[in-house]
Amino acid sequence: MSKEKKLVEEITSMDEDFARWYTDIVKKADLIEYTSIKGCCVFRPYAYALWENIQHTLDSKFKELGHENVYMPMFIPESLLEKEKDHVEGFAPEVAWVTHGGGEKLTERMCVRPTSETLFCEHYKNIIQSHRDLPKLYNQWCSVVRWEKTTRPFLRSMEFLWQEGHTAHATAEEAQEETIRMLNVYADFCEQYLAIPVVKGRKTDKEKFAGAVATYTIESLMHDGKALQSGTSHNFGDGFAKAFGIQYSDKENKLQYVFQTSWGVTTRLIGALIMVHGDNSGLVLPPRIAPKQVMVVPIAMHKEGVAEKATEICSTLKKTLRADIDLSDKTPGWKFAEYEMKGVPVRLEIGPKDIENNCCVLVRRDTGEKQVASLDNIEETVANLLEDIQNNLFNKALMHRNEHTYVAKDYDEFKNIVDTKPGFVKSMWCGDDACEAKIKEDTGATARCMPFEQEDLGDTCVCCGKKAKTMVYWGKAY
RNA sequence: CGGGAUAUAGCGCAGUUUGGUAGCGCGCUUCGUUCGGGACGAAGAGGCCGCAGGUUCAAAUCCUGUUAUCCCGACCA
């Protein structure tokens with residue numbers, strides 16, 4: 001048990017039961033409400049505000065890079081879904097089918113989109129004729145449905161919100177560049193905004209997206225030592241183009257197939273935020289993504305001038321920051337606990353004594369540290385504090401990941417680590433599916449990715465002992 | 001999809017073994033006193049006991065089915 005005092009008694013301690021801690025937070029921080037529909041939750045305002053912040057940041061980055069937003073239908077006719085063989089095999093087991101409409105049986109059933117490659121392909125076939133039409137850089141924000149067997153809020157639900165970018169390019173090289181470019185956008189976003197360090201790399205063939213030539217991923221490590229795929233970017237080569245007949249005339253007037261990519265992040269990122277930064281008092285949100293960055297709590301509000309002064313400070317802060325004030329007649333103690341549970345990065349206390357001294361008390365959520373600050377330049381003081389919290393959260397998460405990343409040289413060591421130490425295991429791999437399958441069978445760990453930053457940990461595969469090709473991050477995943 | 005658990009007021013729970021008036025704590029409403037770590041008093045409101053069948057004079061309680069949630073495994077963002 002950590003030395004910090006647990007301030008909120010209603011939350012199960014994470015050391016005691018991590019899974020319950022997670023569901024407690026999701027409920028107690030007013031993020032999610034369950035519904036009568038299996039695996040589908042209500043995103044309450046606080047959770048949706050988080051998603052909106054994620055959206056706005058990523059969306060402007062996408063646009064900066066030349067992408068345009070579109071919207072595709074949510075239904076996909078069976079015949080369309082079936083056009084690309086690997087793709088349909090990958091998704092068919094988990095799609096929801098619509099068989100009736102308007103009281104009548106449909107002549108062809110339609111699935112609710114589990115992802116929209118097929119729709120984009122059908123569209124691209126119609127609108128791409130010339131090399132002048134390329135590249136096409138489209139993105140859509142929507143929800144998709146996958147019929148999951150077990151569900152958890154944010155991490156795995158039947159319907160989830162996401163963004164899916166779909167691009168078409170003239171050459172394989174351009175498609176590959178786009179694939180990596182967008183993976184980097186995700187990685188930078190996770191690290192700079194969500195304060196979540198990620199490992200960038202490629203998925204093994206076994207783990208790659210149905211229909212892709214190559215799948216790239218960013219992997220992050222949760223507080224309990226389990227891995228979470230936090231974003232993916234796929235290079236499709238010309239496989240979909242051939243299946244759907246997406247061709248353009250090049251400068252020599254020869255017909256060529258386009259090369260495509262797709263990439264996405266989901267509301268799962270909110271789950272990652274909870275599990276990377278949260279503590280036993282509740283959520284801890286990085287300032288750059290927090291819906292409220294500062295919460296002003298007036299003390300002894302009935303006293304002359306307190307509410308007015310607090311309101312004035314709040315409006316000053318609001319000019320440059322996301323600030324709010326709680327003027328309800330709850331006690332200060334209640335408010336402290338409430339905003340800690342919700343992970344608001346900074347609390348500003350202001351009472352009669354402070355007003356006399358032209359100061360206030362600032363309390364940071366990440367460390368609990370309190371400081372007295374002058375009301376002169378309060379915006380700047382708070383802004384600096386937020387910056388500090390942002391950096392501290394990232395560094396803490398990075399340190400946690402480093403402390404929970406192990407190296408295994410032989411199979412006994414590997415099994416022992418996976419069995420006893422939650423976290424990533426780095427080891428060499430021969431590239432054979434059989435070893436990957438055996439490792440999963442024996443230990444429950446899967447290949448998270450083949451990182452771009454390769455390290456030479458030896459010449460032999462950790463599993464079979466034959467010549468190794470790649471260093472792989474392994475781990476148990478959500 | 002297997003194995004286990006749960007479903008009673010907004011939340012957390014008791015009551016179910018042994019059928020017989022629907023309970024407790026928190027929260028909520030009103031008024032007053034409070035206010036620097038989940039305040040106190042007084043008076044109130046709030047229930048088809050998850051849903052559907054069955055047994056019975058009588059069901060939260062017994063039986064059957066069903067749905068949702070949680071946990072553990074197998075599949076997946």
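# Briefing: strands, helices and odd backbone spots in chain A

Strand β9 (residues 199-202) runs antiparallel to β10, and four bridges hold the pairing. That is one piece of a predicted model, so keep in mind that what follows describes a prediction. The domain assignment splits chain A into domain 1 (18-277), domain 2 (294-385) and domain 3 (405-475). Taken over C-alpha atoms, the centres of domain 1 and domain 2 sit 40 Å apart.

**The strands around β10**

- Strand β10 covers residues 214-221, and seven of its eight residues are buried.
- On the β9 side, Lys200 stands opposite Ile218 of β10.
- β10 also pairs with strand β11 (residues 227-237), again in the antiparallel sense, this time over eight bridges.
- One of the pairs here is Ser220 with Leu228, the latter being its bridge partner in β11.
- The hairpin of β10 and β11 has five residues between the strands, and Gly225 in that hairpin has a positive phi near 90°.

**The nonpolar cores**

- The largest nonpolar core counts 97 residues, and Tyr186, Leu194 and Val296 have the most contacts inside it.
- Leaving aside residues up to four places away in sequence, Tyr186 touches Ile218, Gly231 and Val265.
- Ile218 turns up here again: Tyr186 touches it, and Lys200 faces it across the strand pairing.
- There is also a second, separate core of 28 residues, with Leu81, Ile128, Ala212 and Val213 among them.
- As a rule of thumb, nonpolar side chains in soluble globular proteins tend to be buried together.

**Helix α2**

- Helix α2 (residues 45-64) has 20 residues, which at 1.5 Å a residue should span 28 Å; the end C-alpha atoms are 28 Å apart, so the two figures agree.
- Which residues of α2 are buried? They are Ala47, Leu50, Ile54, Leu58 and Phe62.
- Looking down the axis of α2, those buried residues fall within an arc of 100°, so they line one face of the helix.
- The general reason is that an α-helix has 3.6 residues a turn, so residues three or four places apart point the same way.
- Pro45, His56, Ser60 and Glu64 are exposed, on the face of α2 turned away from the buried side.
- What do the buried residues of α2 pack against? Their partners are β1 (32-34), β2 (41-43), β7 (136-145), β8 (159-169), α6 (172-192) and α8 (268-277).
- After α2 comes Gly66, with a positive phi near 95°.

**Helix α9**

- Helix α9 (residues 306-318) has 13 residues and reaches 18 Å from first C-alpha to last, close to the 18 Å expected at 1.5 Å a residue.
- Its buried residues include Ala310, Ile313, Cys314 and Leu317.
- These residues cover an arc of only 100° around the axis, which puts them on the same side of α9.
- Glu308 and Ser315 are exposed on the other side of α9.
- The buried residues of α9 pack against β15 (294-298), β16 (323-325), β17 (346-350), β18 (359-364) and α12 (378-403).
- Just past the helix, Lys319 sits in the loop between α9 and β16.
- Lys319 counts as exposed because it has 8 other C-beta atoms within 10 Å, and the cut-off for exposed is 12 or fewer.
- Lys319 and Glu379 are 60 residues apart along the chain, but 8.7 Å separates their C-alpha atoms.

**Backbone spots worth a look**

- Most residues other than glycine have a negative phi, and most peptide bonds are trans.
- Leu134 and Pro135 are joined by a cis peptide bond, with omega about -5°.
- Pro135 is in the loop between α5 (117-127) and β7.
- Ala195 isn't a glycine, yet its phi is positive, about 55°.
- Ala195 is in the loop between α6 and β9.
- Is Ala195 buried or exposed? Ala195 counts as buried because it has 27 C-beta neighbours inside 10 Å, where 20 or more is the cut-off.
- Asn253 isn't a glycine either, and has a positive phi of about 65°.
- Asn253 is in the loop between β12 (247-249) and β13 (255-257).
- Asn253 is exposed, with 8 other C-beta atoms within 10 Å.

How values were computed. Residues numbered from 1 in each chain as written. Chains lettered and ligands numbered in written order. Predicted model: local features only at pLDDT ≥ 70, side-chain atom pairs only at ≥ 80, totals over all residues. Domains from an automatic or database assignment. Helix = DSSP H or I, 4+ residues; strand = E, 2+ residues; numbered from the N terminus. Expected span 1.5 Å × (residues − 1). Arc of directions from axis to C-beta. Contact = placed C-beta atoms within 7 Å. Core = buried A, V, L, I, M, F, W, Y, C linked by C-beta atoms within 7 Å. Pairing = 2+ DSSP bridges.
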